[in-house]
Amino acid sequence: MAQYQSFPDADGDSRTLDKLKALKLPDLAGLTFLDVGCNEGFFCGFAKFQGAQRVVGIDQSRGFIDRARRRFPDCEFYQQNWDSLPEGQFDVILLASALHYADDQAALVGRLVERLSPDGVLVLELGIVSKKESEWVKVERGIDQRYFPTMAKLTEVLAPFAWKWMGPSVSQSGDPIARHVLHISRRRPIAYLLLQPPGYGKSSISTRLFVPAGVPVISGDQQISLVAQGKKSVSQALHEVINRDYSPFHLDQTLQRVFDQGAGSELIGLCIEEAGSARDLALDMYVPVEHHATVEKAFSEKAYLPVLMLWDRVGPSPTSEQVQEERARAYYLAMPAPSMATRTGKSGFSGIVGFVDDVRLKGGNLLVRGWAVDENGQLPAQLNVRIRGQVFPAESLQALERPDVQHHLKSANAHVGFRILLKIPALTGYQDIAGDFEVVTTTGKKLRLTRKVAETLAMK
Ligand SMILES: C[S@@+](CC[C@H](N)C(=O)[O-])C[C@H]1O[C@@H](n2cnc3c(N)ncnc32)[C@H](O)[C@@H]1O
């Protein structure tokens, strides 16, 4: 029996130690390792030496298997054809300088990939014919004739898998073609994650990139609205967090809540279901940046390869709703009212006009609401409450929008409503106010009471 592998005590046809380096094996500590066509077990011995947890070698040759067992008694060796493989899955499977012996080479690669653990790798070392066409080429060797693939043919065979060319392997005397090393693994479906905030162009990118490629684009907004309409069966927790204050105009806030409250993974599950599991998909859904890792993890756990896509927004960003609200109000209040000037004089507001239209008393808290305009059409800066001759200055005079008053007075300013909250512990009930209650300006002008307020105070 010829000597193929080289050991310190036996020089074979193959430069085995150099081949070992060319294989670019991963760290094998704790992994399971299978060598198909293992010969005398050189690579199995290396795997055991590196701390692999289980090491198995198979070869159809009784002679090579006997020698392998003698050299590496800690490894499992079986004399068997690769048409039947040992039980179990393996983290690393090696097929070196042997594929050309298979009757159906593509089928053998497929069967070996099937035996990989989910993230396992098939290390394939083989001769590749240097030719452009996609072909199996019959190669005349010194000992026999065998078929070897061109790179184009190999690319076709490996299309269902994820693979990478790792570099050249060692040559052997009399080699008619060059040898190469490839690492092949199961291809995980890819989840392209477009999680940027609203206004970043997620939908435009999806339409331009994924729709033409036939990759389903799952809209998070749509999933949420289906849950809100009760069209998806989900956990009580997800249902509640989505429906609390749900509005199609504030989906970013809903998404923030969903992820803050730990319901994000369930939402991702809905999106995967929508796409049909085990398919590439693109997810178009705003996710706050602090929860991106949660989304990636949820997809990884469902055996996807998450690809997070990040890009900058083009153009100035809109300010938050709260900032917009504050700025608009500040602008409105600061706005000069030229139209009022034309209305002053005889037909305009020559003095304070206003009404008190609500008075409430609860546990010593007096709440007064109404509206007032001064000669400039503005809410007076100060109002006082007078009860039975005693004056209580309204320290916090809150301006309110009163479009009804604005319309009625044909004024440019809607912020003429007011709300006064006073703490007067001595007031125990309406009887303490009844008969003598006024809201007055600093110059002593009184606001009128609406009939309802007047009646209420007179009655109590
Ligand atoms: C060229 S040697 C390569 C040995 C080893 N993989 C290496 O690279 O050093 C090919 C090996 O494949 C084994 N072999 C060939 N056909 C086989 C089959 N159908 N099933 C299992 N082993 C086979 C041979 O017995 C031989 O040991």
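This presentation describes the fold of one protein chain and some of its individual residues.

Good morning, colleagues. The structure is a predicted model, in which local features need a pLDDT of at least 70, side-chain atom pairs count only at pLDDT 80 or more, and totals for chains, interfaces and linings use all residues. Residues are numbered from 1 along each chain as its sequence is written.

I begin with the overall architecture. The secondary structure comes to 15 helices and 21 strands; helices (H or I, at least four residues) and strands (E, at least two) are DSSP runs, numbered from the N terminus. The radius of gyration is 40 Å, well over the 23 Å that the globule rule gives for 460 residues, so the protein is more spread out than a compact globule. That radius is taken over C-alpha atoms, and the globule rule is 2.2 Å times the number of residues to the power 0.38. Along its principal axes, the C-alpha trace spans about 120 × 45 × 40 Å.

Of the 460 residues, 28% are buried. A residue is called buried if 20 or more other C-beta atoms lie within 10 Å of its own, exposed if 12 or fewer, and partly exposed in between, with C-beta atoms placed from the backbone. Among contacts with a separation of 6 or more, 61% link residues 24 or more positions apart; two residues are in contact if their C-beta atoms, placed from the backbone, lie within 7 Å.

I turn now to the N-terminal part. How many residues of helix α2 are buried? In α2, residues 42-49, 6 of the 8 residues are buried, so this helix is largely enclosed by the rest of the structure. They are Phe42, Phe43, Cys44, Gly45, Phe46 and Ala47. These buried residues pack against α1 (16-23), β1 (32-36), β2 (54-59), α3 (62-71) and β4 (90-96). Just after α2, glycine 51 takes a positive phi of about 95 degrees.

Strand β1 is mostly covered as well, with 4 of its 5 residues buried. β1 and β2 run parallel and are joined by 5 bridges; two strands pair if DSSP finds at least two bridges between them. Threonine 32 has arginine 54 in β2 as its bridge partner.

Two loop residues in this region deserve mention. Most residues other than glycine have a negative phi. Lysine 24, in the loop between α1 and β1, has a positive phi near 50 degrees. This lysine 24 is partly exposed, with 13 other C-beta atoms within 10 Å. Asparagine 39, in the loop between β1 and α2, has a positive phi near 60 degrees. With 24 C-beta neighbours inside 10 Å, asparagine 39 counts as buried.

Asparagine 39 also appears in the ligand shell. Around the ligand there are 17 residues, of which the closest are Gly37, Asn39, Gln60, Ala96 and Tyr101; a residue is near a molecule if its C-beta atom, placed from the backbone, lies within 6 Å of it. The shell divides into 7 nonpolar, 9 polar and 1 charged. Here Ala, Val, Leu, Ile, Met, Phe, Trp, Tyr, Cys and Pro count as nonpolar, Asp, Glu, Lys and Arg as charged, and the others, Gly among them, as polar.

Next come two open sheets. In the order β11-β12-β10-β13, 4 strands form an open sheet with parallel pairing. Its edge strands are β11 (217-219) and β13, each pairing on one side only. The twist averages 25 degrees from one strand to the next; axes are lines fitted to C-alpha atoms, for helices over the stretch in contact, and angles run from 0 to 180 degrees between N-to-C directions. β11 pairs with β12 (281-284) over 3 bridges, and valine 217 has alanine 282 as its bridge partner in β12. Helix α7 (220-228) lies across β11 and β12, at about 45 degrees to β11.

Proline 318 is found in the loop between β13 (305-309) and α12 (321-334). It is exposed, with 10 other C-beta atoms within 10 Å. Proline 318 and leucine 305 are 13 residues apart in sequence, and their C-alpha atoms are 33 Å apart in space.

In the second sheet, 3 strands are arranged as β17-β16-β20 with antiparallel pairing. The edge strands here are β17 (390-393) and β20 (437-441), and each pairs on one side only. Neighbouring strands are turned by 30 degrees against each other on average, direction ignored. Strand β16 (383-387) is joined to β20 by 5 bridges, and leucine 383 stands opposite threonine 441 in β20.
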